[in-house]
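Here are a few exercises to work through with the structure open beside you. Try each task before reading its solution.

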Amino acid sequence: MIHRRLLLAALHASTAWACRSTEGAALHAHPAHDHDAGTVERDHRDRHGPPQLDAYVERLRSEERIRELRPTVVATHLELAPDAVVADLGCGPGVFTFALAEAVPRGVVYAVDVEPGQLDLVRETIAATRVRNVVPVLASYADAHLPPGRIDLILIADTYHHIEDREAYFRRLARALVPGGGLAIVEYLPGDLPVGPPADHKVEPAVRAAELSRAGFELAARFDDVHRWHDFEVWRLGGASTRL
Ligand SMILES: C[S@@+](CC[C@H](N)C(=O)[O-])C[C@H]1O[C@@H](n2cnc3c(N)ncnc32)[C@H](O)[C@@H]1O
């Protein structure tokens, strides 16, 4: 059983400061990303987001962002079997990872990211809690490095638009899934919003649908009542029915 209090304390470790320091200075604790942050050198491996990891993590963990993204509600909608094997691709500091871990108490969550600093934060939360079903995995840009044919569901939250050469990437990623395995996508709505990346960094939903279809996935479900600023969809490999 996950200790909710410890978990929340760990996830929100930097949030109180973040909220105080941005009070009055910004309308939103996760304002539109400042992707073009001038000459500040990037100290992490994600090619998007604020150039410095600390600021990036602070934004990812902000209370307002978590309130919008609703990781626990997302995990509930996925109706995962308690022993499901899932992956959180582009996990960041683990905003969704630990909600998934709670949903699959007898299963496993692979927390996957290209940035070792993000995985260190996932490890810190593992160490600070009794969570023992999360496995951090260092990905490369082109490959998630997941075990083949093992994963029931891969969640990709606010990360789809970070991935390059997507059709080939998702064909490769499909090999990690069990037959009929699922891909859950949580992604910002298109256009200019008061939160999230600038419009020209996003992938239009129609383009995303075409890419995923060409990679062998079929749309299985849409949840339009969960978020204000995000699409939330589940795609299924080859249309076969399987438990998630
Ligand atoms: C905007 S953050 C989202 C983090 C988390 N999913 C959330 O919603 O809080 C995007 C994350 O994806 C990671 N990322 C970017 N490209 C990736 C790739 N090709 N494979 C795995 N992770 C990637 C980044 O390092 C970053 O941690």
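**Exercise 1. Sort the residues of the shell around the ligand into nonpolar, polar and charged, then find the domains they come from.**

Solution. This is a predicted model, and the sorting goes by residue type.
- Step 1: the shell divides into 11 nonpolar, 6 polar and 4 charged residues.
- Step 2: altogether 21 residues surround the ligand, and the closest are Asp46, Gly90, Gly92, Val95 and His162.
- Step 3: domain 1 (6-63) and domain 2 (66-237) each supply at least three residues of the shell around the ligand.

**Exercise 2. Decide where the pLDDT is too low for a detailed reading.**

Solution. Begin with the whole protein, then go to its stretches.
- Step 1: the mean pLDDT is 85, and 82% of the residues reach 70 or more.
- Step 2: residues 1-31 have a pLDDT below 50, although this stretch has 50 contacts in the model beyond near neighbours in sequence.
- Step 3: residues 240-244 also have a pLDDT below 50, with 16 contacts in the model beyond near neighbours in sequence.
- Step 4: where pLDDT is low, predicted coordinates should not be read in detail.

**Exercise 3. Describe the largest nonpolar core and the surroundings of Leu155.**

Solution. Work from the fold down to a single residue.
- Step 1: the protein has 9 helices and 7 strands, and 41% of its 244 residues count as buried.
- Step 2: the largest nonpolar core holds 60 residues, of which Val86, Leu100, Ile154 and Leu155 touch the most other members.
- Step 3: strand 4 gives this core its largest share, 6 residues, and the core draws at least three residues from each of domain 1 (6-63) and domain 2 (66-237).
- Step 4: leaving out residues up to four places away in sequence, Leu155 touches Val86, Asp88, Leu89, Phe96, Leu100 and Ala184.

**Exercise 4. Place Glu79 and His145, given that each has a positive phi, and classify each as buried, exposed or partly exposed.**

Solution. Recall the usual backbone first.
- Step 1: most residues other than glycine have a negative phi.
- Step 2: phi of Glu79 is near 45°, and this residue is in the loop between helix 5 (71-77) and strand 1 (85-89).
- Step 3: Glu79 is partly exposed because it has 13 C-beta neighbours inside 10 Å.
- Step 4: phi of His145 is near 55°, and His145 sits in the loop between strand 3 (134-138) and strand 4 (151-157).
- Step 5: His145 has 13 other C-beta atoms within 10 Å, so His145 is partly exposed.

Key. Residues are numbered from 1 along each chain as its sequence is written. This is a predicted model: local features need pLDDT of at least 70, side-chain atom pairs count only at pLDDT 80 or more; totals for chains, interfaces and linings use all residues. Helices (H or I, at least four residues) and strands (E, at least two) are DSSP runs, numbered from the N terminus. A residue is buried if 20 or more other C-beta atoms lie within 10 Å of its own, exposed if 12 or fewer, and partly exposed in between; C-beta atoms are placed from the backbone. A residue is near a molecule or strand if its C-beta atom, placed from the backbone, lies within 6 Å of it. Ala, Val, Leu, Ile, Met, Phe, Trp, Tyr, Cys and Pro count as nonpolar, Asp, Glu, Lys and Arg as charged, and the others, Gly among them, as polar. Domain bounds come from an automatic or database domain assignment. pLDDT is the predictor's confidence in each residue, from 0 to 100. Two residues are in contact if their C-beta atoms, placed from the backbone, lie within 7 Å. A nonpolar core is a set of buried Ala, Val, Leu, Ile, Met, Phe, Trp, Tyr and Cys residues joined through C-beta atoms within 7 Å.
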